[in-house]
Number of protein chains: 2
Amino acid sequence: MGRTAVSAEDIKLKLVEAEEPDENDYRLQEQVGFILRKAHQRHVSIFAAHIADLTPPQFAALAKLHDVGETSQNQLGSLIAMDAATVKGVIDRLKARGLVELSKHEVDKRRLLVNLTAEGRDAIERLIPIARDITQETLAPLSAKEAAIFMRLLAKLA
Amino acid sequence: MGRTAVSAEDIKLKLVEAEEPDENDYRLQEQVGFILRKAHQRHVSIFAAHIADLTPPQFAALAKLHDVGETSQNQLGSLIAMDAATVKGVIDRLKARGLVELSKHEVDKRRLLVNLTAEGRDAIERLIPIARDITQETLAPLSAKEAAIFMRLLAKLA
DNA sequence: TCAAATTCATTCGTATGCAAATGATATCAA
DNA sequence: TTGATATCATTTGCATACGAATGAATTTGA
């Protein structure tokens, strides 16, 4: 045989060593779920640095109430992607701080109506400009063009 | 004056009505943080549909231990982006289920070493192929080309 | 019409996720 | 060497997040 015979096995080993996609090789750090979780963590951290006295879900509730006006608790939850149990906790805490007020629906007695208080309205109007900064800072690692593409694809994914 | 005089004010109003970017208009649904949260929620839901008996953080801990072998609890946490308090809870639950085992570091008595048990190793090796499916399904709304672009930009953001 | 199905809200249990405080151990620097 | 720092782990408290169970009220459909 010729010198340094190379078998198919050898070639396969070579490829593996060269970091070919390998069935036995699972890279956690490259999985979309893992990176999505980290990106979300980073955003929450940026949010907290700008708005210390409100969480992103609390802000979302106030912003949506400001947008649509009085709604039921469950309806609000579906608007901001929170299940009933979660939205209840968020609204309870906003109520305890006087930012929203609750009332019973006159016709449908199952429903609990939520509305901004004057204080809640002042707060959200004051915070919205800061929220714009938070969005900017979150997207800062991307160019304007990249950010536009990213937002389009992220929306398709969500 | 000519008929139908148009003032600058009128034009500004027109633009606002035509949905120009308006300073007084904040669209929660278009903010990166809000969509990031929803995309993450969707991924967790897909994960749960495929792997019912493990959460994504628990899976991440097992996958990373499988990758790097025995490490300290804090080190593991930094590898999978979890703070000390969070990783402790995750490891406690994995230990309670017999998937990891803990031991003291012989030299540095502060450290708590974590390692897979045989059962934990079996579990993670069995689950990794399923995790690939989860990644696929999460990215399914995107074409292959879009997914590649998205992953690149998401990584820059995280 | 009225029983079945649905909707709204609440509660419970479990699991992240993080800030802050604490204690034990290790390292650094004067 | 030792006093100041830093690191590792734990604990507490608070805030999402969601499945499942429950009860009240409403809507639907046979």
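**Close-ups of a predicted protein–DNA model**

**View 1. What lines the surface near DNA strand D?** Sorted by class, that surface has seven nonpolar, seven polar and nine charged residues. This is a predicted model, so treat the distances below as values computed from it. In total, 23 residues surround DNA strand D. Coming closest are A:Thr55, B:Gln73, B:Asn74, B:Arg110 and B:Leu112. Look at which part of the strand they face: sugar or phosphate makes up 77% of the DNA strand D atoms within 4 Å of the protein, and bases make up the rest.

**View 2. Here are the elements of both chains that supply the surface near DNA strand D.** From chain A come H3 and H5, while chain B brings H2, helix H4 (73-79) and H5, each with at least two residues. Which of these gives the most? That would be H5(A), with four residues.

**View 3. Three side chains of chain A reach phosphate oxygens of DNA strand D.** For A:Thr55, a polar side-chain atom sits 2.5 Å from a phosphate oxygen. With A:Arg93, the distance from a side-chain N or O atom to a phosphate oxygen is 2.7 Å. A:Gln58 also takes part through its side chain, where an N or O atom is 3.0 Å from a phosphate oxygen of the strand.

**View 4. Now over to DNA strand C and the 23 residues around it.** The ones that come nearest are A:Gln73, A:Asn74, A:Arg110, A:Leu112 and B:Thr55. Of the DNA strand C atoms that come within 4 Å of the protein, 75% are accounted for by sugar and phosphate. By class, the surface near this strand counts seven nonpolar, seven polar and nine charged residues.

**View 5. Both chains hold on to phosphate oxygens of DNA strand C, with A:Gln73, A:Asn74 and B:Thr55 in the frame.** A:Gln73 uses its side chain, with an N or O atom 2.6 Å from a phosphate oxygen. A:Asn74 does it with its backbone: a polar atom there is 2.5 Å from a phosphate oxygen. On the chain B side, a polar side-chain atom of B:Thr55 lies 2.6 Å from a phosphate oxygen. Zoom out to the elements and you find helix H2 (32-50), helix H4 (73-79) and helix H5 (84-96) of chain A, plus H3 and helix H5 (84-96) of chain B, each supplying at least two residues of the surface near DNA strand C. The top contributor is H5(B), with four residues.

**View 6. Chain B meets chain A, with 48 residues of chain B in contact with 48 of chain A.** About 4,500 Å² is buried between the two chains, and carbon and sulfur atoms give 70% of that area. Across this interface there are 18 residue pairs in polar contact, both partners at pLDDT 80 or more. On the side of chain B that touches chain A, the elements giving two or more residues are helix H2 (32-50), helix H3 (56-68), helix H6 (118-139) and helix H7 (144-157). H2(B) has the largest share there, twelve residues. By class, this side of chain B has 27 nonpolar, nine polar and twelve charged residues.

**View 7. A salt bridge links A:Glu146 and B:Lys156.** Their side chains meet at 3.1 Å, N to O. How many salt bridges are there between chain B and chain A? The count is four.

**View 8. Five aromatic pairs turn up over all chains, and A:Phe59 with B:Tyr26 is one that is edge-to-face.** The ring centres are 5.7 Å apart, with 90° between the planes. This pair crosses between chains, from A:Phe59 in helix H3 (residues 56-68) of chain A to B:Tyr26 in the loop between helix H1 (8-17) and H2 of chain B.

Conventions: Residues are numbered from 1 along each chain as its sequence is written. Chains are lettered from A and ligands numbered from 1 in the order in which they are written. Side-chain values use heavy atoms; hydrogens and water are left out. Contact means heavy atoms within 4.5 Å. Buried area is the accessible area (1.4 Å probe) that two parts lose on being put together, summed over both. A polar contact is a pair of N or O atoms within 3.5 Å; within protein, one must be able to donate a hydrogen and the other to accept it, and residues adjacent in sequence count only if both atoms are side-chain atoms. Ala, Val, Leu, Ile, Met, Phe, Trp, Tyr, Cys and Pro count as nonpolar, Asp, Glu, Lys and Arg as charged, and the others, Gly among them, as polar. A residue is near a molecule or strand if one of its heavy atoms lies within 4 Å of it. Rings of Phe, Tyr and Trp (its six-membered ring) pair if their centres lie within 6.5 Å; planes under 30 degrees apart count as stacked, over 60 as edge-to-face and the rest as tilted.
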